[in-house]
Amino acid sequence: MSSGMVNPEEFRSARFRALRLLSAYYELTLQLRERFGAQDPVDLTMLVLIALGDLGSVPMDAELLAEKLAASRSTVDRRLKPFLDQGVVLKEREGKATVFRLGEDILWNPTPPPGVAADLTEEMVQTLMELIFELINEE
């Protein structure tokens, strides 16, 4: 078989794995949208960046968010305002910088709204573990 030809069975298997991974990504996106209360994809990306920075102990400031989102600082400030008002995001001084962190009830809420897991990671880990298990056992 030449390097330009694709084995049909390998192609189907690769398509199936891609489908499963994209399905898991979509499912996780829905869970994050619900938890963060973000309907817009840019807002969701912004909140995920804030969460990553906060959980990784390297909180985001408005300039870094603007750079990562390819947006202006004023756009980031405008998009952050409703989440700051709702307590989803907290604004804190860290030295000379103003950084953003997740509100405390976002990651752990012992009394979440109906249908929302108490721990943000519980459903995500379950979804990923099921996907990994299926993919491993498929081959």
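The following exercises, each with a worked solution, concern a predicted model of a protein.

**Exercise 1. The overall fold**

Determine how many helices and strands the protein has, and in what pattern they follow one another along the sequence.

Solution.
- Step 1. Counting the elements of secondary structure gives 6 helices and 3 strands.
- Step 2. Reading along the sequence, one finds the pattern α-α-β-α-α-β-β-α-α.
- Step 3. The protein has 139 residues, of which 31% are buried.
- Step 4. Consider the contacts between residues at least 6 apart in sequence: 52% of these join residues at least 24 apart.

**Exercise 2. The length of helix 2**

Compare the expected span of helix 2 with the distance between its end C-alpha atoms.

Solution.
- Step 1. Helix 2 covers residues 41-55, and thus 15 residues.
- Step 2. The expected span is 1.5 Å times one less than the number of residues, which for helix 2 comes to 21 Å.
- Step 3. In the model, the end C-alpha atoms of helix 2 are 21 Å apart, so the expected span and the distance agree.

**Exercise 3. The surroundings of helix 2**

Identify the buried residues of helix 2 and the elements against which they pack.

Solution.
- Step 1. The buried residues of helix 2 are Asp43, Leu44, Met46, Leu47, Leu49, Ile50, Ala51, Gly53 and Asp54.
- Step 2. These buried residues pack against several helices, namely helix 1 (8-36), helix 3 and helix 4 (73-86).
- Step 3. They also pack against strand 1 (60-61), strand 2 (89-94) and strand 3 (97-102).

**Exercise 4. Helix 2 and helix 3**

Describe how helix 2 and helix 3 are arranged and which residues meet.

Solution.
- Step 1. The axis of helix 2 comes within 11 Å of that of helix 3 (residues 62-69), and the two cross at roughly 130°.
- Step 2. An angle between 115 and 145 degrees counts as oblique; helix 2 and helix 3 are therefore oblique to each other.
- Step 3. The crossing of helix 2 with helix 3 is right-handed.
- Step 4. From helix 2, Val42, Thr45, Met46, Leu49 and Ile50 take part in the contact, and they meet Leu65, Lys68 and Leu69 of helix 3.
- Step 5. Sorted by class, this contact has 6 nonpolar, 1 polar and 1 charged residues.

**Exercise 5. The position of Glu94**

Decide whether Glu94 is buried, partly exposed or exposed, and find its contacts.

Solution.
- Step 1. Glu94 lies in strand 2.
- Step 2. Its relative accessibility is 40%, so Glu94 counts as partly exposed.
- Step 3. With neighbours within four places in sequence left aside, Glu94 is in contact with Pro59, Val99 and Arg101.
- Step 4. Glu94 and Pro59 are separated by 35 residues in sequence, while their C-alpha atoms are 9.3 Å apart in space.

Methods. Residues are numbered from 1 along each chain as its sequence is written. This is a predicted model: local features need pLDDT of at least 70, side-chain atom pairs count only at pLDDT 80 or more; totals for chains, interfaces and linings use all residues. Side-chain values use heavy atoms; hydrogens and water are left out. Axes are lines fitted to C-alpha atoms, for helices over the stretch in contact, and angles run from 0 to 180 degrees between N-to-C directions. Helices (H or I, at least four residues) and strands (E, at least two) are DSSP runs, numbered from the N terminus. Angles under 35 degrees count as roughly parallel, over 145 as roughly antiparallel, 65 to 115 as roughly perpendicular and the rest as oblique. A crossing is left-handed if the near helix is turned anticlockwise from the far one by less than a right angle, and right-handed if clockwise. Contact means heavy atoms within 4.5 Å. Ala, Val, Leu, Ile, Met, Phe, Trp, Tyr, Cys and Pro count as nonpolar, Asp, Glu, Lys and Arg as charged, and the others, Gly among them, as polar. Buried means under 20% relative accessible area, exposed over 50%, partly exposed in between (1.4 Å probe, protein chains only).
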